Amino acid sequence: MDQDETTAQLSLFGLEPEPEPEAPRRSPEPARIPEQRAAEVPLCPSCHREGSPPEQHARDIAQQWLEITAAGQIAVRRFCAACQPHFGLEFLACELCGLDLFLIGELAHEVASDRLPTVLLTWLAAEGWSPHPVLTCPSHAR
Ligand SMILES: [Zn+2]
Ligand SMILES: [Zn+2]
């Protein structure tokens, strides 16, 4: 009788075999990201070089450098660490957050002499900067 009981229990457990997990309809395709380092690292608009580390390079390129063109307009230039100007610079910075604009050439000379050319004021206003009461960036201009 012990034997019967054991058999009964075994058959009880054996009746319902573990259901096979359903095979997934489609196998998950691993997202294949083609390795395009050149696309991830933006090239410097001025010298068309990559820089490293890429994060720093991207920050360098994001910096706006302003100059006055021959036509008397404000032009935004962008440089990497390798090709950026190292002298004759001036800076305008938001009084609240320190976000700054780099000025080069004649424009730097003007600002260094405490002059803000009208074309610069116009450009700043168009970009959302406010010169009064203190210079503030687009995020902080009222
Ligand atoms: Zn460069
Ligand atoms: Zn600011």
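Strand E1 (listed below with its partners) and strand E4 (residues 100–103) run parallel to each other, paired over two bridges. That pairing is a good way into this predicted model, whose chain holds five helices and four strands. From one end of the sequence to the other, the elements follow the pattern α-α-α-β-β-β-β-α-α. Here is a friendly tour, beginning with the sheet.

**The sheet as a whole**

- The four strands make an open sheet, ordered E2-E1-E4-E3, with mixed pairing.
- E2 and strand E3 (90–93) are the edge strands; each has a single partner strand, so one side of each lacks a neighbour in the sheet.
- From one strand to the next, the twist averages 30°.
- As background, strands in a sheet pair through hydrogen bonds of the backbone, in either a parallel or an antiparallel way.

**Strand pairs, one by one**

- Strand E1 (residues 65–68) pairs with strand E2 (residues 74–77) in the antiparallel sense, over four bridges.
- Across this pair, Glu67 faces Ala75 in E2, and Leu66 is opposite Val76 in E2.
- The hairpin of E1 and E2 has five residues between its strands, and Gly72 adopts a positive phi near 85° there.
- On the parallel side, E1 meets E4 over two bridges, with Leu66 standing opposite Leu103 in E4.
- E3 and E4 form an antiparallel pair with four bridges, in which Ala93 stands opposite Asp100 in E4.

**The nonpolar core**

- Which residues have the most contacts inside the largest nonpolar core? They are Leu66, Phe102, Leu103, Ile104 and Leu107, in a core of 13 residues.
- E1, E4, helix H4 (105–112) and helix H5 (118–127) are the elements that each give two or more residues to this core.
- Leu66 deserves a second look: setting aside neighbours within four places in sequence, Leu66 contacts Ile74, Val76, Leu101, Leu103 and Leu107.
- Two of those contacts are also cross-strand partners of Leu66, namely Val76 in E2 and Leu103 in E4.

**A helix over the sheet**

- H4 lies across E1, E3 and E4.
- Relative to E1, H4 runs at about 95°.

**Around Ala58**

- Ala58 belongs to helix H3 (residues 54–62).
- Is Ala58 buried or exposed? Ala58 counts as partly exposed, because 14 other C-beta atoms lie within 10 Å, while a buried residue would need 20 or more and an exposed one 12 or fewer.
- Between Ala58 and Leu43 the C-alpha to C-alpha distance is 8.6 Å, and the two are 15 residues apart in sequence.

**Whole-chain numbers**

- Of the 142 residues in the chain, 13% count as buried.
- Among contacts with a separation of 6 or more, 41% join residues 24 or more positions apart.

Note on methods
Residues are numbered from 1 along each chain as its sequence is written. Chains are lettered from A and ligands numbered from 1 in the order in which they are written. This is a predicted model: local features need pLDDT of at least 70, side-chain atom pairs count only at pLDDT 80 or more; totals for chains, interfaces and linings use all residues. Two residues are in contact if their C-beta atoms, placed from the backbone, lie within 7 Å. Two strands pair if DSSP finds at least two bridges between them. A nonpolar core is a set of buried Ala, Val, Leu, Ile, Met, Phe, Trp, Tyr and Cys residues joined through C-beta atoms within 7 Å. Axes are lines fitted to C-alpha atoms, for helices over the stretch in contact, and angles run from 0 to 180 degrees between N-to-C directions.
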